[in-house]
Amino acid sequence: MDLAYMAALPQEEFTERRQKVFAQMQPNSALLLFSEIEKRRNNDCDFPFRQDSYFWYLTGFNEPNAALLLIKTEDAEKAVVFLRPRDPFLETWNGRRLGVERAPQKLNVDEAYSIDDFKTEFPKLTEKLTALYHVADRHPWGDKLLAESAVKFYAVFDWQPMLSEMRLIKSSNEIRLMQQAGQITAFGHIKAMQVTRPNRFEYEIESEILYEFNRHGAKFPSYNSIIAGGDNACILHYTENDQPLKDGDLVLIDAGCEFAMYAGDITRTFPVNGKFTQPQREIYELVLKAQKRAIELLVPGNSIKLANDEVIRIKTQGLMDLGILKGDVDKLIEEKAYRQFYMHGLGHWLGLDVHDVGRYDDDRSRKLEVGMIITVEPGIYISEEADVPAQYKGIGVRIEDNLLMTEYGNKNLTAAAPKEIDDIIDNAVDVIAQSLKASLHPHMNEDFANCFV
């Protein structure tokens, strides 16, 4: 089974998703989604194209300048796609297009029109409808087309809450792809552990990770990689990645691949020279203890808030034990004294977007459900300027995994990336890499299976 086949979602899944949308639409209404468009990088060069996640979720169509129109009347439902027509000249320069004629069969929709005809066809298709599901300002190019069509509706509704809730619960096919994303992401982190050494630059390690992603079928990262040596780890979204890695420092790597549109998201922290100092070990073990406890708690029926409250208590007590915080643990928690060292949340939804869509309660007390996928990523960041014992200054640690909620609890999709101290020091990571190779799923292709030879 090659990677292209493994990456594919069956067209029936997109059709089933649209049917679920139809079931939630009111009669005599339409739902309109626009695709992403190509974006200028400089002069006549564009950034790599990445489809709008919502549009992909309902179509599986990966071309720019397209629109999906779902029409629901009292007695019928119809899916219509607008897209770029075939153009031999432009296709010679810029790549093949699906075209109007092949779209209905390929995308399993009822009708297809050229996007150039949107202004004339949209009014005809919607003339007897009273309501429109649409999100303004998401794609200005589409808003302009809609305005030029001069169609007025009695009511306009936001489709985002509906589609976001659908995306929050992953299907078995989505879970399969996200398992792949997690595994490939783990390979990238293992590679980073293998090749990191003093005086290599952060960007060198980034290139090794991206190469690992690419050669396993993940052409792009799911977000800008963070390769943060030493005190750079105390900058949460550090992406300059341009500094040398110093002997005696830790390096925090937050990197994930995008596989078949789905995101992986792992953070690992380890010593540049393969050996933890005692202060580094103490902070690392505290974060790991907190993460392990969070993983125990992050199961269906519990909430992210429940786990984070426990993480805060563990960290606050641990920081007190190390002399970094002083006082009464309950009062320190009440005063949020930990926030100077742990200033972000415990995790987020994961899916087509690395920070995936889906409603949170304000305090993240929403109960987890089977089929949700979340990250769990506690951290401690002690900047060089912090008023703490000198041996802890400049230490930043984060450990992040991806958890699938199952009927049996949770499944760690990124467990292949080592995080126990004994597994990430010296040459232990090479042993783990070889054991992973031996345990890969038999349907993975030969190149994938031999990635560490």
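How many salt bridges does the count come to? The count comes to 32 salt bridges. The model is predicted. The exercises below start with some of these pairs and then turn to helices, single residues and backbone angles.

## Exercise 1. A salt bridge between two helices

Task: Find the salt-bridge partner of Glu148, place both residues, and classify their exposure.

Solution.
- Step 1. Start with the pair. Glu148 forms a salt bridge with Lys119, and the closest N and O atoms are 3.6 Å apart.
- Step 2. Place the partners. Glu148 is in helix 7 and Lys119 in helix 6, and 29 residues separate them, so the pair links distant parts of the chain.
- Step 3. Check exposure. Glu148 has a relative accessible area of 35%, so it is partly exposed. Lys119 is at 40%, which is also partly exposed.

## Exercise 2. A pair with a buried member

Task: Is Glu36 buried or exposed, and how far apart are the closest N and O atoms in its salt bridge with Lys39?

Solution.
- Step 1. The closest N and O atoms of Lys39 and Glu36 are 3.6 Å apart.
- Step 2. Glu36 has a relative accessible area of 15% and is therefore buried. The cut-off for buried is under 20%.
- Step 3. Lys39, at 45% relative accessibility, counts as partly exposed.

## Exercise 3. A salt-bridge network

Task: Trace the salt bridge of Arg167 and Asp353 from its two ends to the network around it.

Solution.
- Step 1. The two side chains, Arg167 and Asp353, meet at 3.0 Å, N to O.
- Step 2. Arg167 lies in helix 8 (residues 160–168), while Asp353 lies in the loop between helix 13 and strand 15; the pair therefore ties together parts 186 residues apart in sequence.
- Step 3. Arg167 is buried at 2% relative accessibility. Asp353 is partly exposed at 23%.
- Step 4. Now widen the view. Arg167, Lys170, Asp353 and Asp356 are joined into one network by salt bridges that share partners.

## Exercise 4. Arg84 in its loop

Task: Which side chain makes a polar contact with the side chain of Arg84?

Solution.
- Step 1. Locate Arg84: it sits in the loop between strand 5 (77–83) and helix 4 (88–94).
- Step 2. Arg84 has 14% relative accessibility, so it counts as buried.
- Step 3. List its touching residues, leaving out those up to four places away in sequence. Among them are Glu63, Pro64, Asn65 and Arg97.
- Step 4. Pick the polar partner. The side chain of Glu63 makes the polar contact, at 3.2 Å.

## Exercise 5. Two tryptophans

Task: Sort Trp56 and Trp93 into buried or exposed, and describe the setting of each.

Solution.
- Step 1. Trp56 belongs to helix 3 (residues 53–59). Its relative accessibility is 15%, so Trp56 counts as buried.
- Step 2. Beyond four places in sequence, the contacts of Trp56 include Phe14, Phe61, Met261 and Leu352.
- Step 3. Trp93 is in helix 4. Its relative accessible area is 65%, so Trp93 is exposed.
- Step 4. Trp93 joins Phe89 and Leu90 in a nonpolar surface patch of about 390 Å².

## Exercise 6. What covers a helix

Task: For helix 12 and helix 7, name buried residues and the elements packed against them.

Solution.
- Step 1. Helix 12 (residues 304–321) has 18 residues and reaches 26 Å from first to last C-alpha, close to the expected 26 Å.
- Step 2. Its buried residues include Ile304, Val311, Lys315 and Leu319.
- Step 3. Their cover includes helix 11 (278–297), helix 13 (329–334), strand 15 (373–376) and strand 16 (379–382).
- Step 4. In helix 7 (residues 140–149), buried residues include Trp141, Asp143 and Leu146. The buried residues of helix 7 pack against strand 1 (29–34), helix 6 (118–126) and strand 7 (131–133).

## Exercise 7. Positive phi

Task: What phi do Gly323, Ala150, Met261 and Lys336 take, and where do these residues lie?

Solution.
- Step 1. Gly323 comes just after helix 12, with a positive phi of about 80°.
- Step 2. Ala150 comes just after helix 7, with a positive phi of about 60°.
- Step 3. Met261 is not a glycine, yet it has a positive phi of about 85°. Met261 lies in the loop between strand 12 (257–259) and strand 13 (262–263). Met261 is buried, at 10% relative accessibility.
- Step 4. Lys336 is not a glycine either, and its phi is positive at about 60°. Lys336 lies in the loop between helix 13 and strand 15.

Notes
Residues are numbered from 1 along each chain as its sequence is written. This is a predicted model: local features need pLDDT of at least 70, side-chain atom pairs count only at pLDDT 80 or more; totals for chains, interfaces and linings use all residues. Side-chain values use heavy atoms; hydrogens and water are left out. Helices (H or I, at least four residues) and strands (E, at least two) are DSSP runs, numbered from the N terminus. Buried means under 20% relative accessible area, exposed over 50%, partly exposed in between (1.4 Å probe, protein chains only). A polar contact is a pair of N or O atoms within 3.5 Å; within protein, one must be able to donate a hydrogen and the other to accept it, and residues adjacent in sequence count only if both atoms are side-chain atoms. Contact means heavy atoms within 4.5 Å. The expected span of a helix is 1.5 Å times one less than its number of residues. Patches are made of residues with over 30% relative accessible area and no salt bridge: like charges are joined within 9 Å, nonpolar side chains (Val, Leu, Ile, Met, Phe, Trp, Tyr) within 5 Å. Accessible areas come from the Shrake-Rupley method with a 1.4 Å probe; for residues, only the protein chains shown count as cover. A salt bridge is a side-chain nitrogen of Lys or Arg within 4 Å of a carboxyl oxygen of Asp or Glu.
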